[in-house]
Amino acid sequence: MEKNSYQQKNRNHLKIYNSLTGKKEIFHPIHKEYIGIYVCGPTVYNYLHLGNCRTFISFDIVFRYLKHLGYKVRYVRNITDVGHLENENFDIEDKISKKSRIEGLEPMEIVQKYTISFHNLLNLLNVLPPSIEPTATGHIIEQIEMIQKLIKKKLAYEVNGSVYFDLKEYIKFYPYGVISKNKIDQLSYNKELKFIEEKRGFHDFSLWKKAHSNHIMNWNSPWGKGFPGWHIECTTMSTKYLGETFDIHGGGIDLKFPHHECELAQAIGIYNKSYFAHYWMHTNMLTLNGKKMSKSTGNFLELKDIIYNKTCNEIFFPSIFRFYILQTHYRNIMDFSNKGLIEAEKGYHKIMKAIKILKNLEPKTKTSKNLDIFNVHHWIYICYKAINDDFNIPLLITHLFKISTLIINNSIQNISHIHLLKKYMIYFVFDILGIKEINHHEENSKKLKNLIEGLIKFRTEERKQKHWIISDKIRQELYHIGVLLHDKKL
């Protein structure tokens, strides 16, 4: 890899939109050769929906590109397996405990079940594993130590076995709302609702919660048995593995407030530094029917719902979904559509076809004077320029489409430096975008599609005949291969 040319040069041109400052900034790592990234991982109480997938695909691109530029990257992505409260002010039950009660499983069974599902799903989407994947339950001692430091600095207080962050005391010394631009005196609340009355202020947040007698997940602490709050875990784990200050902190836009704001306040309060992470990156939402994807509202899709998309009557492989996600800039809202998925599939196959043709092309010793020579160096330059503009992957894909058209139409016979074109097509498509070739033959795909369609039609007839045992069996078997059926009344 030509680190001293393209890669070294592009290190100095990468711009990242920083949520902290609200503008694009040249990326200057704290250390010349090393980069630290922390991304908030999932709360493992349910399966990921497609909106969650978008966040992890987006930061996978960041991880891949920084590695491509030759940096040694430590990428930390946590697992939240305790402490994520359903509602900070009105609910003392965390999401893991609640799901444990609903499913009738031990909390750690819930954690294991959905952590395995999370890893399997990201593997299907070719998302690289992080360098370190710490869990909240694995860092209870460190979180207690952080809370003790905040109490010592009088930025936190203990009441009846619970500990809260004192926001009114904090803003006497430090600004609050620097990421989300929210001001504490402008935050509204419903005075008619009862909240945790032991708190000094409505917006004070939990650092440690007292465990009630029926709360399975609890640990000993200086304040009695309890469990940590959601925000303290990320401040603890990020600084443990990346230091008091590090390069990039990322997550979905829904975490900007209050989660990231609280993380930052905790870190500033403990370390008394103006910076925690130098760059804050947030991915925007993937919506469905114009509304935020949410398990609680039922407005969501999972990957298995689109592997076989009944609406389109089409099979979509995970690589197609990944490519579809990358065609909208990570900071823009993206509304899921079947039409977009179909177009992404066409674009994917176009690029793959071009790469296959390109592999067999050989440089010509003589070029025709009647044809213009395609400038590979300029093409590589504009591709890097797109990525360097706050990871403008849609623009990079546009450049990939243009060169693919030329290759397929045999319009680059006079190409110079064809070896470079081959090398950088591989870099951009496979190494940086993380796109995988689908390992199947077109004919086999069509046969599978026809077989599934036939089974669905047969099942419909069986349902009309009220042969429920057979129809339920077919539904179950289709579900196991990722085909989700939604029955309508006959």
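**Close-up views of a predicted model**

Helix α2 supplies five residues to the lining of the largest cavity, the largest share of any contributor. Helices (H or I, at least four residues) and strands (E, at least two) are DSSP runs, numbered from the N terminus. This is a predicted model, in which local features need pLDDT of at least 70, side-chain atom pairs count only at pLDDT 80 or more, and totals for chains, interfaces and linings use all residues. Residues are numbered from 1 along each chain as its sequence is written, and side-chain values use heavy atoms, with hydrogens and water left out.

**View 1. The largest cavity and its lining.** The whole structure holds two cavities of 30 Å³ or more. A cavity is a set of points on a 1 Å grid over the protein atoms alone where a 1.4 Å probe fits but cannot get out; lining residues have an atom within 4 Å of a point. Grid points are joined across faces, edges and corners, and a volume is the space filled by probe spheres set on the points. The largest cavity encloses about 130 Å³. Its lining counts 15 residues. Ser 58, Leu 326, Tyr 330, Phe 391 and Ile 393 lie nearest the centre. Three elements give two or more residues each: α2 (50-68), β10 and α13 (393-408). By type, the lining of the largest cavity has 10 nonpolar residues, four polar and one charged. Here Ala, Val, Leu, Ile, Met, Phe, Trp, Tyr, Cys and Pro count as nonpolar, Asp, Glu, Lys and Arg as charged, and the others, Gly among them, as polar.

**View 2. The loop before α13.** Asp 390 sits in the loop between α12 (376-388) and α13. Phe 391 is found in that loop between α12 and α13 too. Phi of Asp 390 is near 55°, a positive value in a residue other than glycine. Phi of Phe 391 is also positive, near 55°. Are these residues buried or exposed? Asp 390 has 0% relative accessibility, so it counts as buried. Phe 391 is buried as well, at 3%. Buried means under 20% relative accessible area, exposed over 50%, and partly exposed in between (1.4 Å probe, protein chains only). Phe 391 is also one of the residues nearest the centre of the largest cavity.

**View 3. The four-stranded sheet.** Four strands make an open sheet in the order β4-β3-β9-β10, with parallel pairing. Two strands pair if DSSP finds at least two bridges between them. At the edges stand β4 (72-77) and β10 (277-283), each pairing on one side only. Neighbouring strands of this sheet are turned by 20° against each other on average, direction ignored. Strand axes are lines fitted to C-alpha atoms, and angles run from 0 to 180 degrees between N-to-C directions.

**View 4. From β9 to β10.** Strand β9 (residues 246-252) pairs with β10 in the parallel sense, over six bridges. Phe 246 stands opposite Ala 277 in β10. The chain leaves β9, passes through helix α8 (residues 256-271) and reaches β10, in a right-handed β-α-β crossover. Right-handed means that, with the strands pointing away from the viewer, the path from the first strand over the helix to the second runs clockwise. Further along, Gly 250 faces Met 281 in β10. Six of the seven residues of β10 are buried.

**View 5. Helix α8 and the second largest cavity.** Pro 258 lies in helix α8. The peptide bond from Phe 257 to Pro 258 is cis, with omega near 5°. Which element gives the most to the lining of the second largest cavity? Helix α8 does, with four residues. This cavity has a volume of about 30 Å³. Its lining includes Tyr 170, Pro 175, Tyr 176, Glu 261 and Leu 264. Seven lining residues of the second largest cavity are nonpolar, one is polar and one is charged.

**View 6. The three-stranded sheet.** A second view of strand pairing shows an open sheet of three strands, in the order β12-β11-β15, with mixed pairing. β12 (291-292) and β15 (334-335) each have a single partner strand, so one side of each is left without a neighbour in the sheet. Two bridges join β11 (residues 286-288) to β15, and these strands run parallel. Thr 287 has Asp 335 in β15 as its bridge partner.

**View 7. Lys 32 and Tyr 71.** Lys 32 lies in the loop between β2 (23-26) and β3 (34-39). Lys 32 has a relative accessible area of 68%, so it is exposed. Its C-alpha atom is separated by 8.4 Å from that of Tyr 71, 39 residues apart along the chain.

Note on methods:
1 Å grid on protein atoms, 1.4 Å probe; cavity = no way out; pocket = protein on both sides within 12 Å on 5 of 7 lines; lining within 4 Å.
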